[in-house]
Amino acid sequence: MQRTIFAFLMLLFSTQGFASTSDLVNQFIENPQQVGKTSRMTYLFWDVYDASLYAPQGAYSQDQPFVLVLHYLRALDGKEIAKRSLEEMQKQGFSDSSRGERWLTKMAQIFPDVSKDTVLLGVRTADGYTQFYQDDKLIGEVKDSEFTTRFFNIWLGEKTSEPTIRAELLGLKRK
């Protein structure tokens with residue numbers, strides 16, 4: 001509970017502002033509520049980002065609109081984020097190298113370099129596509145439903161490399 005309150009306050013007072021995030025979530029989701037709890041991604045001993053998932057009435061479905069919010073806690077290169085995203089998709093079984101290269105190119109064009117307090121949103125649209133936002137500004141879109149599934153499965157799929165983050169985001173009990 002304290003972690004959720006802390007994440008909420010961080011979003012509220014971040015340079016991107018909670019109002020923009022909240023307004024954007026409301027734009028895509030009717031009656032949006034956080035699904036599970038905010039989860040922190042830590043690599044070795046570095047805190048990388050806090051992740052939160054929003055869906056209608058707090059009920060996640062991979063086939064319905066939802067918003068994944070990443071609040072970065074450190075600086076990262078956008079091209080490295082793109083590269084790591086494709087690697088995570090491949091760890092889950094994606095093996096189409098030519099399609100992967102197209103996705104990597106697209107993600108590298110979209111993902112900005114981030115710094116502490118940068119907030120990025122990934123939106124699963126009603127059409128099954130992915131839109132990316134920084135603040136309230138659309139920074140890119142991928143109109144490929146397979147990309148949408150594979151990209152969000154980095155956090156939400158059963159084969160994720162971070163099952164604790166998945167469990168927290170989805171509000172699942174850990175086994």
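Here are some worked exercises on this predicted model of a protein chain.

**Exercise 1. Work out how the elements of the protein chain are ordered, and how much of the chain is buried.**

Start with the inventory: the protein chain has 6 helices and 7 strands. Reading from the N terminus, the order is α-α-β-β-β-β-α-α-β-β-β-α-α. Next, take the burial: 46% of the 175 residues count as buried. The exposed area of the chain comes to about 9,400 Å², with 49% of it from carbon and sulfur atoms. Finally, look at the contacts between residues at least 6 apart in sequence: 58% of them join residues at least 24 apart.

**Exercise 2. Find which residues make the nonpolar surface patch, and place two of them in the chain.**

The patch covers about 500 Å² and is made by Tyr43, Leu44, Phe45 and Trp46. Now place Leu44: it sits in the loop between strand E2 (39-43) and strand E3 (46-56). Phe45 is found in the loop between E2 and E3 as well. Then check the accessibility against the cut-off, where exposed means over 50%. Leu44 has a relative accessible area of 63%, so it is exposed. Phe45, at 65%, is therefore exposed too.

**Exercise 3. Look at the backbone: what phi do Leu44, Gln57 and Gly171 take?**

Keep the general rule in mind: most residues other than glycine have a negative phi. Leu44 is not a glycine, yet has a positive phi of about 55°. Gln57 also has a positive phi of about 55° without being a glycine. Gln57 lies in the loop between E3 and strand E4 (66-72), and its relative accessible area of 48% makes it partly exposed. Gly171 takes a positive phi of about 70°, just after helix H6. Helix H6 itself (residues 163-170) is mostly covered, with 6 of its 8 residues buried. Among those buried residues are Ile165, Ala167 and Leu169.

**Exercise 4. Compare the settings of three salt bridges, out of the 7 found in the whole structure.**

Recall the general idea: side chains of opposite charge can pair when their charged atoms come close.

- *Asp50 and Arg40.* Their side chains meet at 2.7 Å, N to O. The pair links distant parts of the chain, with Asp50 in strand E3 and Arg40 in strand E2, 10 residues apart. Asp50 counts as buried at 6% relative accessibility, whereas Arg40 counts as partly exposed at 24%.
- *Glu88 and Lys91.* Here the N to O distance is 3.2 Å. Both residues lie in helix H3 (residues 78-91), 3 residues apart, about one turn of the helix. An α-helix has 3.6 residues a turn, so residues three or four places apart point the same way. Glu88 is buried, at 4%, while Lys91 is exposed, at 54%.
- *Glu146 and Arg99.* The closest N and O atoms are 2.3 Å apart. Glu146 is in helix H5 (residues 145-156) and Arg99 in helix H4, 47 residues apart, linking distant parts of the chain. Glu146 is partly exposed, with a relative accessible area of 25%. To finish, follow the links: Arg99, Asp144, Glu146 and Arg150 are joined in a network of salt bridges.

**Exercise 5. Identify which residues gather in the surface patch of negative charge, and locate Asp113.**

The patch brings together Asp77, Glu80, Glu87 and Asp113. Asp113 is placed in the loop between helix H4 (97-110) and strand E5 (119-124). With a relative accessible area of 55%, Asp113 is exposed.

Technical notes
Residues are numbered from 1 along each chain as its sequence is written. This is a predicted model: local features need pLDDT of at least 70, side-chain atom pairs count only at pLDDT 80 or more; totals for chains, interfaces and linings use all residues. Side-chain values use heavy atoms; hydrogens and water are left out. Helices (H or I, at least four residues) and strands (E, at least two) are DSSP runs, numbered from the N terminus. Buried means under 20% relative accessible area, exposed over 50%, partly exposed in between (1.4 Å probe, protein chains only). Contact means heavy atoms within 4.5 Å. Accessible areas come from the Shrake-Rupley method with a 1.4 Å probe; for residues, only the protein chains shown count as cover. Patches are made of residues with over 30% relative accessible area and no salt bridge: like charges are joined within 9 Å, nonpolar side chains (Val, Leu, Ile, Met, Phe, Trp, Tyr) within 5 Å. A salt bridge is a side-chain nitrogen of Lys or Arg within 4 Å of a carboxyl oxygen of Asp or Glu. Lys and Arg count as positive and Asp and Glu as negative; His and the chain ends are not counted. The place of a charge is taken as NZ of Lys, CZ of Arg, CG of Asp or CD of Glu.
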